[in-house]
Amino acid sequence: MKFQDSEHHPFGNTTMTSKHMIPKLTLLAIMVILTLAITPLWYPFCSYHSSSVLKMKHIHDDDDNDAMAEKLPSTYVEKCDIFTGEWVPNPKAPYYTNKTCWAIHEHQNCMKYGRPDSEFIKWRWKPSDCELPIFNPFQFLEIVKGKSMAFVGDSVGRNQMQSMICLLSRVEWPIDISYTRDEYFKRWKYPSYNFTMATFWTPHLVRTKVADPNGPSNTGLFNLYLDEYDEKWTTQVEEFDYIILDGGHWFYRPMVFYERKKVVGCHFCLLENVPDLTMFYGYRRAFRTAFKAINSLEDFKGTVFLRTFAPSHFENGIWNEGGNCLRTKPFRSNETRLEGTNLELYMIQLEEFRKAETEGRKKGLKFKLIDTTQAMLLRPDGHPSRYGHWPNENVTLYNDCVHWCLPGPIDTWSDFLLQMLKMEGMRSAIS
């Protein structure tokens with residue numbers, strides 16, 4: 001609230017007697033007190049702009065321990081696309097190490113297994129028009145207190161959950177409350193916050209059966225029942241507040257597609273009289289069925305996040321023919337672009353997401369896009385490559401240019417997620 005200019009004197013006629021001025025002075029004092037009291041409450045509403053993704057400017061603590069005791073953000077918000085930007089140096093990273101976090105999967109434990117460079121962990125994502133705050137584990141756990149989050153998809157989704165466990169370890173370690181010993185279906189609980197995280201392994205999202213462990217390329221041949229739910233996860237997620245869905249890399253492998261119990265085609269199956277419909281056919285219908293499964297849940301009232309496809313970075317060969325990823329720094333956005341198969345997979349996700357979002361809104365469900373594709377396209381340096389096991393270890397493993405080292409670029413996905421949760425909380429408070 002602005003005060004009038006000095007030439008419009010608040011007391012009016014300065015020749016007034018003291019008897020008349022006293023009540024006006026009292027009135028002015030009351031007005032000033034009310035102004036100071038009301039302005040902080042009204043400020044967020046004056047500054048708010050509706051947007052699919054928003055920016056929040058922070059007030060930073062001046063203490064040396066700002067990472068552990070960062071003040072809650074101010075309520076000033078404005079439009080910002082947090083998914084378009086560049087990677088910039090971050091000398092404060094990492095926020096955990098392979099020695100401080102036990103949740104790192106061995107195949108993503110790059111520093112343990114001798115990766116010689118460490119600069120790949122010292123970058124952060126900088127949106128073009130704003131700042132994206134580094135993940136604050138205290139804020140996150142306060143927001144999700146009493147709630148639950150399911151990671152549904154392939155091993156990159158599990159990679160994301162393990163990254164989050166490591167980031168949250170500065171506040172609390174979770175306890176294992178899994179119903180099974182199967183590592184593909186884990187549940188973790190943060191007792192102080194009554195927050196549960198779970199991972200559900202479903203690399204093709206729909207009901208799948210291994211038809212041949214070798215297949216035409218020695219990577220297996222899979223029967224995908226494209227119109228049938230994978231009940232290993234669809235019967236379990238109804239109780240969750242958040243579902244984070246992902247999928248992609250397993251669709252490169254040979255597949256036979258079934259619809260209405262009959263073979264309709266395949267992808268690189270090399271079976272006689274079976275048309276090759278390409279991986280894109282199966283990919284689209286698998287996501288369509290997965291979204292349909294979620295929208296059909298009677299008691300699910302939560303939020304669905306689609307985490308978009310994170311491209312691999314094989315060079316000098318494909319994943320099972322000697323391809324590798326040996327770069328040591330990020331690309332700039334003008335040094336590469338999304339194209340070919342990566343672009344097609346990304347566009348299929350967006351198209352099916354929008355359709356599902358339209359249907360979900362009819363039931364009051366919320367659909368959100370964690371659009372990691374562009375940011376991760378720029379990180380050829382973030383993969384384990386051959387640093388997921390000891391060099392002399394007798395194992396049959398390909399160079400890994402699909403998953404992400406921990407710590408590493410995938411930690412930024414928690415930056416995205418927290419910012420989106422904070423902005424959703426802001427909208428709820430204002431509406």
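Me: What is the handedness of the disulfide of C101 and C166, left or right?
Reply: Happy to start there! A disulfide is a pair of cysteine sulfur atoms within 2.5 Å, and C101 and C166 form one with an S to S distance of 2.0 Å. The torsion about their S-S bond is about -80°, so this disulfide is left-handed.

Me: Before we go on, what kind of model is this?
Reply: Residues are numbered from 1 along each chain as its sequence is written, and side-chain values use heavy atoms, with hydrogens and water left out. Local features need pLDDT of at least 70, side-chain atom pairs count only at pLDDT 80 or more, and totals for chains, interfaces and linings use all residues, since the model is predicted.

Me: How many residues apart in sequence are the parts that C101 and C166 tie together?
Reply: Helices (H or I, at least four residues) and strands (E, at least two) are DSSP runs, numbered from the N terminus. C101 sits in the loop between β3 (85-89) and β4 (123-127), while C166 belongs to helix α4 (residues 155-168). The pair therefore ties together parts that lie apart in sequence by 65 residues.

Me: Is C166 buried or exposed?
Reply: Here buried means under 20% relative accessible area, exposed over 50%, and partly exposed in between (1.4 Å probe, protein chains only). Its partner C101 has a relative accessible area of 4% and is buried. C166 has 0% relative accessibility, so C166 counts as buried.

Me: Which cysteine forms a disulfide with C110?
Reply: C110 lies in the loop between β3 and β4, and its partner is in the loop between α8 (373-377) and α9 (412-430), 295 residues apart. The link is left-handed, with -90° about the S-S bond. At 1% relative accessibility, C110 counts as buried, and the partner, at 0%, is buried too. The two sulfur atoms are 2.0 Å apart, and the partner is C405.

Me: What is the torsion about the S-S bond of C266 and C269?
Reply: These two cysteines are joined by a disulfide, S to S 2.1 Å. C266 is buried at a relative accessible area of 1%, and C269 is buried at 4%. Their disulfide is left-handed because the torsion is about -65°.

Me: How many disulfides does the count come to?
Reply: Counting bonded cysteines along the chain, the pattern is 1-4, 2-5, 3-10, 6-7, 8-9. By the distance rule, the number of disulfides comes to five.
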